[in-house]
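Take a look at the chain below. The walk goes from the whole fold to its cores, then to single helices and a pocket.

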Amino acid sequence: MKKKYHTVGEMAKLANLSSQTLRYYDQIGLFKPAYTDQATNYRYYAESQLYLLDLIKSLRFVGTPLEKIKEVQYFSIEDMIRYLDEQEHTIEDQLARLAESQYTLRKTRKQMQEQLAIPVIGEVFIKEEEESRLLCLTVADATPVHVSNDAMLILTETIENAGSVQTIRYGSYYPLQAYDSVQTLYYTQIFIPILTSRQFVIQNELVDIVSMSAGRYIEIAFNYSPNMYITMYNKLLHYIKTHNIAVENTVWEAVMPSNFSAQMDEQLIVELKVKLL
């Protein structure tokens, strides 16, 4: 059977590629014409070469570099299957990372939405909370006035080594009881929320994952200062006692920025939460 040949333009149209792309593939030795007319220097492609263009397009679609495609097109069927299996695993890993990025984005956006949804600053309110996974560090001397940078660095490095990112929030939890002053209110643990859905191994014996369970919480939110902290804490504690509200014995604290502008003074918002029984 007589072979059918096509010009660069015809082959480009058949393969849904640009003529410039075919000329470039020829130039780098990736996909060369079947023959070149020596008299006119016109290049012609055999129709049977279309299958190779389909392979090149498929490999390009999944991100295979051109230099690798030059190698792959000479593989045996068995080698090609092994290579495509490897590519599939690579794509699965990429999809998992994209899904993780989407999960992180949604969690971060939800944190900001929750901040905007605070009913009123400085007053007690009831709120439904979702379960939250927290990366916690046991500390001995942290208070609302001071948390060491070294302690926060341990949490940040643990999160980042696990393939996640630092959240816009941090916090602590401690027993619900009377405190003489903010200096005598010592944290049981400090934490940063975990924005990743994956499980990861923790090697530091002082670090653990704790869950703040879903449910209804009695809360108060305020602009942070040491004096305001103990004032608002006592206001929440007084409200719980005077209204005889049954609650758990743990106070969950969340600290977050009130803005993200470099042009504005830094101000922190603190939420104190106690779960209703």
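What share of the 277 residues of the protein chain counts as buried? The figure is 40%. This is a predicted model. Its secondary structure comes to seven helices and eleven strands. Take the contacts between residues at least 6 apart in sequence: 72% of them join residues at least 24 apart.

Next, the cores. In soluble globular proteins, nonpolar side chains tend to be buried together. Here the largest nonpolar core holds 37 residues. Tyr174, Ile190, Tyr229, Tyr233 and Leu272 touch the most other members. Several elements give two or more residues to this core. The helices are H6 (149-161) and H7 (226-242). The strands are E5 (132-138), E7 (189-193), E9 (215-223), E10 (250-257) and E11 (268-275). Which element gives the most? H7 does, with seven residues.

Tyr233 shows the packing residue by residue. Leaving out residues up to four places away in sequence, Tyr233 touches Tyr174, Pro175, Leu176, Gln177, Tyr179, Val251 and Leu272. A second core is separate from the largest one. This second core has 19 residues, among them Val8, Met11, Leu52 and Tyr83.

Now stay with H7. Its 17 residues should span 24 Å at 1.5 Å a residue, and the C-alpha atoms at its ends are 24 Å apart, so the two values agree. Which residues of H7 are buried? They are Tyr229, Ile230, Met232, Tyr233, Leu236, Leu237 and Ile240. Seen down the helix axis, these buried residues fall within an arc of 165 degrees, so they line one face of H7. On the other side of H7, Asn227 and His238 are exposed. The buried residues pack against strands E4 (124-129) and E6 (170-175), and also against E9, E10 and E11. Just after the helix, Asn244 takes a positive phi of about 55 degrees.

One more residue of H7 deserves a stop. Lys235 sits in this helix. Is Lys235 buried, exposed or partly exposed? Its relative accessible area is 31%, so Lys235 counts as partly exposed, a class that lies between under 20% for buried and over 50% for exposed. Lys235 touches Gly122, Glu123, Val124 and Ile220, again not counting residues up to four places away in sequence. Gly122 is 113 residues from Lys235 in sequence. In space, their C-alpha atoms are 8.9 Å apart.

Turn to helix H1, residues 8-15. Its buried residues are Val8, Met11, Ala12 and Ala15. Viewed down the axis of H1, they fall within an arc of 100 degrees, so they line one face of the helix. Two of these residues, Val8 and Met11, are also included in the second core. What do the buried residues of H1 pack against? The partners are strand E1 (5-6), helix H2 (19-27), strand E3 (43-46) and helix H3 (50-61). Just after H1, Asn16 takes a positive phi of about 60 degrees.

Last, the empty space. Rolling a probe the size of a water molecule over the atoms shows where empty space is left. The second largest pocket holds about 160 Å³ of space. Its lining has 13 residues. Closest to the pocket centre are Pro144, Tyr170, Tyr187, Tyr224 and Val255. The elements that give two or more residues to this lining are E10 and E11. Both strands also give two or more residues to the largest core, and the buried residues of H7 pack against both.

Terms used: Residues numbered from 1 in each chain as written. Predicted model: local features only at pLDDT ≥ 70, side-chain atom pairs only at ≥ 80, totals over all residues. Heavy atoms only, no water. Core = buried A, V, L, I, M, F, W, Y, C linked by side-chain atoms within 4.5 Å. Buried < 20%, exposed > 50% of the residue type's maximum accessible area, 1.4 Å probe, protein only. Helix = DSSP H or I, 4+ residues; strand = E, 2+ residues; numbered from the N terminus. Contact = heavy atoms within 4.5 Å. Expected span 1.5 Å × (residues − 1). Arc of directions from axis to C-beta. 1 Å grid on protein atoms, 1.4 Å probe; cavity = no way out; pocket = protein on both sides within 12 Å on 5 of 7 lines; lining within 4 Å. Points joined across faces, edges and corners; volume = space filled by probe spheres on them.
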